[in-house]
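Me: I would like to learn how to read the surroundings of a bound molecule, one feature at a time. Could you take me through a case?

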Amino acid sequence: MQEIKIELTKNPKAKPQDESKLGFGQIFTDHMFLMNYDEGEGWHNPRIVPFGPIELSPAAMCLHYGQEVFEGMKAYRGANGKPLLFRPEKNMARLNLSNDRLCIPLIDEEFCVEAIKALVKVDEEWIPKSEGTSLYIRPFIFAVDPHVGVHPAHHLVFCVICSPVGAYYPEGLNPVKIYVEQKYVRAVRGGMGFTKTAGNYAASLKAQDEAQKQNYTQVLWLDGVERKYIEEVGTMNVFFVIGDEIVTPALQGSILGGITRLSTIELLRSWGYKVSERQLSIEEVSKAYDEGKLVESFGTGTAAVISPIGELKWGDKIMTINNGEIGEISQKLYDNLTGIQWGKIEDKFGWVVEVE
Ligand code: COI
C-alpha cells in the first residue's frame with residue numbers, strides 16, 4: 001500500500017461551538033486528502049494537506065465537459081468516543097462504478113478507504129458530538145488536463161474534504177413536501193443516472209428551483225421515457241408503504257444505488273417486512289392514496305438519512321401522507337439506522353468500521 005504523507009496545518013481553525021447551527025456543508029475541517037493520476041504513473045502521491053484552494057488551469061477539462069464523480073459518506077462520533085464509518089467499502093465500490101461510466105481510471109478501493117480513515121483520524125476533533133450531527137465526507141475526482149477538446153482525461157485529481165453537519169433538510173426529521181416533476185427529467189437508462197456525477201445534479205437544479213418557488217422541498221422524478229414510473233427524489237431514494245408492501249423503484253440504470261437505500265431494504269427485511277424493488281407508477285401511488293392504502297412514504301440518503309414525506313403534489317392533486325406526520329416505519333428506521341451508525345445499537349450486520 002502506498003504511503004500517505006501528512007502535512008499538518010500551522011493555522012488550525014476554530015471549531016464550531018454551537019452544534020445546533022451547523023447546517024449542511026458550509027464549514028470545512030483543517031485538512032483534505034489529495035492524490036493525482038497521470039497517465040503512465042497511475043494514481044500516485046497520496047497526501048493529507050491543509051484544507052485550501054486548488055490551483056486549476058482555466059482550461060481544465062472538468063470545467064468544460066463535466067468529467068467529475070463524487071461520493072457522500074459520514075463519520076460519526078461513536079458511543080465510546082471513537083470515530084465510526086458506515087459501510088465505507090460500498091462508497092468506494094460505487095465510486096468505481098461512476099469512474100467506469102465516466103472513463104475515469106479506477107481507484108484502489110481498499111486503499112481509498114484507508115486514506116479516508118487517515119483523514120478522519122487527522123481531523124477527528126471536528127466530528128461533532130450532538131445528537132443528529134456527523135462529519136460529512138466528500139470524496140471527488142475531477143479531470144484537470146488543460147485541453148479544450150472532448151476526450152477522456154489523462155490527468156485527474158482525487159480529493160476528499162470533510163464538513164461537520166447537522167440535518168440536510170431544514171425540516172430535520174419532520175416530513176418534507178415533494179413535488180412530482182412532469183416537465184423535466186433527470187436521467188434515462190443508458191445515461192449516467194446511476195452514477196454520482198455533477199451533471200446529474202446540474203440537471204436537477206431547474207426543477208428544484210421551480211418546486212421550491214411553490215414551497216416544495218424537492219422533486220420526485222419520473223422516468224425519462226414514459227414520465228410514468230417513479231425514479232428518485234432530488235437527493236434521496238424513495239420508498240412507499242402501500243398496504244403491507246414496502247415498494248422502492250428497482251435499480252435499472254437511471255437511479256442511484258443508494259447505500260442507505262440498500263441498508264434500509266436489509267433492515268426492513270430483517271424485521272420481516274415485505275420489500276419489493278420493482279417498477280412503481282405514480283398512478284399506482286395515487287390509486288393507493290385514494291383507496292387509503294398509502295400508509296407512509298420516506299426518502300433515504302447519506303445526507304438526508306431517513307426523511308419522511310408528508311405531502312406529494314402531482315399536477316393538481318395533493319396527497320397528504322400519514323396526516324403530514326412521521327410514520328411508524330420511518331421513525332423505526334431512523335432510530336435503528338442512526339443507532340447503528342452512532343454505535344448505540346448492536347451492529348448485527350457488520351456495517352460499522354471503527355477508525356483506530
Ligand atoms: C449524499 O446523500 O451524500 C449526497 O451526495 C446527496 C447530496 C448532498 C448531493
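Reply: Let us start with a polar contact, which is a pair of N or O atoms within 3.5 Å. Here a polar side-chain atom of Tyr-136 lies 2.5 Å from an oxygen atom of the ligand, while for Lys-196 a polar side-chain atom is 2.8 Å from a ligand oxygen atom. This is a predicted model, in which local features need pLDDT of at least 70 and side-chain atom pairs count only at pLDDT 80 or more, whereas totals for chains, interfaces and linings use all residues. Residues are numbered from 1 along each chain as its sequence is written, and side-chain values use heavy atoms, with hydrogens and water left out.

Me: Which residue offers a backbone N or O atom to an oxygen atom of the ligand?

Reply: That residue is Ala-303, whose backbone N or O atom lies 2.9 Å from the ligand oxygen.

Me: Which residues surround the ligand?

Reply: A residue counts as near if one of its heavy atoms lies within 4 Å of the molecule. The residues around the ligand include Phe-70, Tyr-136, Arg-138, Lys-196, Thr-302 and Ala-303.

Me: Where does the ligand lie with respect to domain 1 and domain 2?

Reply: Domain bounds come from an automatic or database domain assignment. Domain 1 (5-165) and domain 2 (176-341) both contribute residues to the shell around the ligand, so the ligand lies between them.

Methods
Polar contact = N/O pair within 3.5 Å; in protein donor to acceptor, adjacent residues only side chain to side chain.
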